[in-house]
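Visitor: Please take a close look at a single part of this model. I would like one connected account of a strand, its neighbours and the cores.

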Amino acid sequence: MPAMSTDTRPESARGPDGGQPRGPDGGQPRGRERSLIRGADRATSSWGLGDGQAIPWDYAPAPESRDVVTLKERYGLFIGGREVEASDGGTFVSVNPATEEPLAVVARATGADIDRAVAAARRAQRRSWGTLPGRERAKYLFRIARLLQERSREFAVLESMDGGKPIKESRDVDVPLAAAHFWYYAGWADKLEYAFPGRVAKPLGVAAQIIPWNFPLLMLAWKIAPALAAGNTVVLKPASTTPLSALLFADVCRQADLPPGVVNIVPGPGEIGMHLVTHPGVDKVAFTGSTEVGKKIARGVAGSDKGLTLELGGKAANIVFDDAPLDQAVEGIVNGIYFNQGEVCCAGSRLLVQESIQGPLVEKLKDRLATIRVGDPLDKNTDVGAINSKQQLEKITELVAAGTAEGAEIYQPACDLPDRGYFFRPTLFTGVAQSHRIAREEIFGPVLSVLTFRTPEEAIEKANNTPYGLSAGVWTDKGSRILSMVRRLKAGVVWSNTFNRFDPTSPFGGYKESGFGREGGMHGLHAYVRLEDR
Ligand code: NDP
């Protein structure tokens, strides 16, 4: 994944503090915020301005056009290739988290609708999709990939409007990666015998897929592409705060002439998700979301012969040794935790820094934080957009308050937040103990906790001191140290001298309370097939 939010302005234009965004009135940050901002105070004096005067710098807005998306007032469920109302006529509203304005009314699936969707998927699996040769399935997947690319701008804008993520991330990461997953798995559809040599790969049948709100289109692609490549059909439930890109994807399925019932999309509440995964007509369950719900789903399918993959929460350690290239590490740390507002299961939320370099590294980080631009997700300059929902903002606010109450030292850069919408400043805590809630619980927000270590052994102990096991990062100049750390870190994915990189060919997943099973690569395909002897 490309590094997030590098400041593209020339050095001369940034000003000595990195050119922090000011409000429309160019005013100084208010009250308590000012005391947290050392970079800004340094800046005003070296610009020859008195205390309290603003630096004469502002950004020209660079908004992406909303006109590329034609929002319908009302969206139905997508069942059997058609858009249909919920059986009881129920609806809910999807809200733009950056403006708090309603975007569209969406049909809210009922248990009867889930039954309909599973029946449609079953029919399609038996009569059309499951009987198609792999090379024919591949053609549809290639077509979907191409359509996603053709309509990429529309998808990117919609994803940012519905979910709050910065347009440069939805444009440069989410949508291209979603298309890449369809390209990749299209390539496997007619080569299953090479993927599993000596075995015959049979589809499992109907897959129930539940996805979260942090990467709505990308998680859809992670789940639908391998399922379809292997000959399964799917019923997918998007998260209630971000249903719109999945419903636009339904349009892509129609455009691609995908046989009716191969993909079914049923927005609705969590209980409907449970109805779906426990449905007797479902053969395979794939879930990405919180550990709490993941455990409920595991209990729900226990005792059945359904396949199950769970991709759950994380509390990743990003470990920086004293021989690491510090400037590069700072970019990786920023990308690791502030990318997508920190609403990332594999976010590097615990920075473990070797004690001897804590001072300079934290200084550099604070300087870098001062250049991060928080605001309108549709502005191409925005680095950190809106938090996905009011509920998530409240959770972040509560955990940050707990961090301060438990004695950690908070730092937030100066930046004026928009008057409306769910926004949170990039936050950094130093003086964090392992017992603090901010070091133990998944915050799922732009909040970094800094801890220190002296020896590699201590780094390993602290990194592994979590119930999660999804990802980790290691920053060092020594290849041998990377290999030795990677072996001992209990995490499904370990990045070295980088962070948050994804590729469709590479498996992703965790263990312990981060779940089990892998998505991506051949491992991801494996989760959707039954292997039989020749
Ligand atoms: P959830 O786990 O509740 O949501 C993920 C998906 O599961 C959504 O589609 C949701 O539907 C659905 N769901 C909710 N309850 C059930 C259920 N009982 N049975 C089946 N499906 C269900 O995450 P939240 O949105 O509540 O976020 C809470 C926390 O979870 C976050 O703060 C974060 O820490 C973590 N999280 C982790 C993610 C990850 O990628 N690992 C992704 C999202 C959240 P609906 O939206 O309708 O409730």
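Guide: What follows starts at one strand and works outward.

The model is a predicted one. The strand chosen is S16, which spans residues 447-453. Strand S16 is mostly covered, with seven of its seven residues buried. Its side chains fall into two sets: Val 447, Ser 449, Leu 451 and Phe 453 point one way, while Leu 448, Val 450 and Thr 452 point the other way. Both sets are buried, and they include Ser 449 and Thr 452 alongside residues such as Leu 451 and Val 450.

Two strands pair with S16. One of them is S13, residues 350-354, which runs parallel to S16 and is joined to it by five bridges. Within this pairing, Val 353 stands opposite Thr 452 of S16. The other is S15, residues 427-430, also parallel to S16 and joined to it by three bridges. Here Leu 428 has Leu 448 as its bridge partner in S16, and Phe 429 has Ser 449.

Strand S15 is covered on both faces as well. Thr 427 and Phe 429 lie on one side, Leu 428 and Thr 430 on the other, and all four are buried. S15 also pairs with S14, residues 409-411, this time in the antiparallel sense and over three bridges. The bridge partner of Tyr 411 in S15 is Leu 428. Leu 428 is thus a bridge partner of both Tyr 411 and Leu 448.

The cores come next. In the largest nonpolar core there are 114 residues, and Phe 182, Phe 249, Val 263 and Val 320 touch the most other members. Helix H7, residues 167-189, supplies the largest share of this core, twelve residues. Leaving aside residues up to four places away in sequence, Val 263 touches Phe 78, Ile 224, Leu 228, Val 234, Phe 249, Cys 253 and Leu 258. A second core, separate from that one, has 29 residues and includes Ile 387, Val 400, Ala 439 and Phe 453. Phe 453 is also among the residues of S16 described above, and this links the strand to the second core.

One loop residue completes the account. Thr 110 sits in the loop between strand S5 (101-107) and helix H4 (111-127). Its relative accessible area is 14%, so Thr 110 counts as buried, the cut-off being under 20%. Not counting residues up to four places away in sequence, Thr 110 touches Ser 87, Asp 88 and Ile 272.

Methods:
Residues numbered from 1 in each chain as written. Predicted model: local features only at pLDDT ≥ 70, side-chain atom pairs only at ≥ 80, totals over all residues. Heavy atoms only, no water. Core = buried A, V, L, I, M, F, W, Y, C linked by side-chain atoms within 4.5 Å. Buried < 20%, exposed > 50% of the residue type's maximum accessible area, 1.4 Å probe, protein only. Contact = heavy atoms within 4.5 Å. Pairing = 2+ DSSP bridges.
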